[in-house]
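Good morning, everyone, and thank you for coming. Please have a look at the sequence and the model on the screen, and then we will go through a few of its parts together.

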Amino acid sequence: MSEALQNQRTFALVGHGGCGKTSTAEMILFNAGVIDRLGKIEEGTTALDTEPEEIKRRGSIQSGFAGYKWNKNDHYLIDTPGDANFCGDRPYSLAASDGVVFTIDAVDGVKPLSRKAWAAVENANLPTVIYINKMDRDRADFDSAFDSLNSALGISPVLLHYPIGIKENFKGVVDMLSGQAYLFEEDGKVSKGDIPADIADEIEILRETMIENIAESDEDLMEKYLEEGELTPEEIAKGLTAGVMNRSLFPVCVGAALENKGGSFLLDMIQTYLPSPLDHADWQGEDGETRKSSADGPVACFVFKTIADPFAGQLTVCRVLSGTVSGDMTLTNTNTEAKERMGNIQLMVGKDQKPLKSPAGPGAIITLAKLKETFTGDTLCDDANKFTLEKPQLAPQLITFALSPAEKGDEDKVFQAIQKLLAEDVNLSLSRDEETADILLSGMGQNHIEISVEKAKRRYKAEIVLNAPKVPYRETIKGFAEVNGRFKKQSGGRGQFGDCWIKLEPQTKGEGYEFVNKIVGGVIPKQYIPAVDKGVQEAAQKGILSGSQIIDFKVTLYDGSYHSVDSSEMAFKVAGSMAFKKACEEAGVALLEPLMNVVVEVPDEFMGDIIGDLSSRRGKVLGSDSTAGVTEVKAHVPMSEILKYAPDLRSMTGGQGTFTMELSHYEECPPPIADKVIEEFNAGKEE
């Protein structure tokens, strides 16, 4: 098995949305003989985009998986989404990979979202080869795309294939290592040809640059190159392979996936330069332990994706970290301690599964059906040799919507439907706001939330209405007040009596609530004092102006009276609440709104529009910083003004802008805004 594993490849296709990753995967599978025709995204016929929502929007919304053979060697491919709405679990896919095929297109080169994707690849520290796609497009510009790898990503690209022609004249490539030209034929095959005379001199210069770059990555090679002026083909190949492994060099090839031009060269580059699972660094466990990637070691599998299949039920997609897995095994989920029987081990190609006839070793991407207590992020392993892989860190959710059923009474149905989606989408988060009673669904963007709701409707017949979540306003005390709260009720028999005097004053921002007991002489018995405190807190929770919690204030209880028969905890609780409300009216109450820390990343040319837009949202721009053509703008923006910022930003930047936000602090609401909020609250009470 060792030789087979040494030639095995497990890799992720990564890149920005629209660069043609899924078409590239289609080309790979076609050249490997897995599919017999090239599908098209526009027609919904690709092997890996199979969800109805993917076909409808013509783009990936979840990772696709495929196994294939190239030159009789096993390869496992993970096609990751590029849209910012759906790439939140990319760290999990990268954790399951040994290498990366990073895809950019010849039209746009490295885009801002490419830089986000590249940052994830760098964080995963994976050897990477680069594929420049769409060389056949009208606005293709190879030189600009290639140069952007260094200028925007700061890497040393090593050009292995130089295009012969471009746009509609893209007809072949020159292999820079061998100096041989290859021309594309109709069926995707290639034939040898001559290097066109008009690019021969440029090829020679570029080849020298390529050899210099390879030599510079290794001291011994550099020394020989400086002394002798050349390197042998074996030395070049060895130096390039080592440079890829240590991530100092990044081989580049070109092609046009839709026309199946360059597919075999890409497959060869994957086979030649990406590492085997045996080359993977030791896996890091949560408890500090490590696990070697070896077929002879104890079994460990990392679950990096869960899929809900309408026919097969829950499918669990795993990467074998170590050991050899067979269907008769029972493994332990170290996250839940549940025992899971493997059953039939399957290999996925899109939505199709086929039984894996031989045991699966390290690097294999396998699918298991009907596991009961195992979900994304869990580790399955030999019970006698437990190991829990340290989970990759996921990006925070960016947008939240409130959910409500289309039909009253269907709240439980909605909640259960969304809960099922959470199992396969780790970037969704479901919660209930205790303050507003809203069911809240958080995700990576508006499209992410809307498509999740579409899935819930299609799969589970749950009709869901999306609403903007209620803004968690707060209220605070403006001045000082000293009042009496007196509750007296007599209706035959035992009555109710509670009497208290309180002082109310504001606290410094962030100090919270403070209750001070200054009762002396037993004018209020000790057992009733906590009831006054509770009455104040309950009244503060409901607010005065907008039904929002009152914060940052101090109440001092200093006097009062009681009745030996009629007084009770309930009576003093009501008296405390009455006193607090009266004190608020005297002291005055201000409405506070939450301000968010917002960080927006956009191409430089959009900076002015973004700053103007943030200002129009009552935002305060804190600063900006530009690097490699991308500007990062930091601002404080009221939450009410940015709840639906994601689609607006996408519209302003043509999908090239990204942002993050988190709660910063509360500030007093401007009077016109406060009046509107209070008016809406009062109108809601009257309905």
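Which residue follows H2, and what is the sign of its phi? H2 is followed by Gly33, whose phi is positive, near 80°. Before going on, I should say that this is a predicted model, in which local features need pLDDT of at least 70 and side-chain atom pairs count only at pLDDT 80 or more, while totals for chains, interfaces and linings use all residues. Residues are numbered from 1 along each chain as its sequence is written, and side-chain values use heavy atoms, with hydrogens and water left out.

Helices (H or I, at least four residues) and strands (E, at least two) are DSSP runs, numbered from the N terminus. Helix H2 covers residues 21–31, and 9 of its 11 residues are buried, so the helix is largely enclosed by the rest of the structure; buried here means under 20% relative accessible area, with a 1.4 Å probe and protein chains only. Among those buried residues are Lys21, Glu26, Met27 and Leu29.

Let us turn to the sheet. Its 4 strands lie in the order E7-E8-E9-E10, forming an open sheet with antiparallel pairing, where two strands pair if DSSP finds at least two bridges between them. At the edges are E7 and strand E10 (190–193), each of which pairs on one side only, and the twist averages 30° from one strand to the next. Strand E8 (residues 172–175) and strand E9 (residues 180–184) are joined by 4 bridges in the antiparallel sense, and Val173 stands opposite Tyr182 in E9.

Is His161, in strand E7 (residues 161–164), buried or exposed? His161 counts as buried, because its relative accessibility is 6%. Leaving aside neighbours within four places in sequence, His161 is in contact, meaning heavy atoms within 4.5 Å, with residues including Val173, Asp175, Cys253 and Phe265.

Finally, we come to a pair of helices. Two packed helices are described by the angle between their axes and the distance between the axes. Helix H13 (residues 529–542) and helix H14 (residues 569–587) pack at about 45°, with axes 7 Å apart; axes are lines fitted to C-alpha atoms, for helices over the stretch in contact, and angles run from 0 to 180 degrees between N-to-C directions. The contact involves, among others, Val536 and Ala539 of H13 and Phe572 and Phe580 of H14.

Definitions and conventions. Buried means under 20% relative accessible area, exposed over 50%, partly exposed in between (1.4 Å probe, protein chains only).
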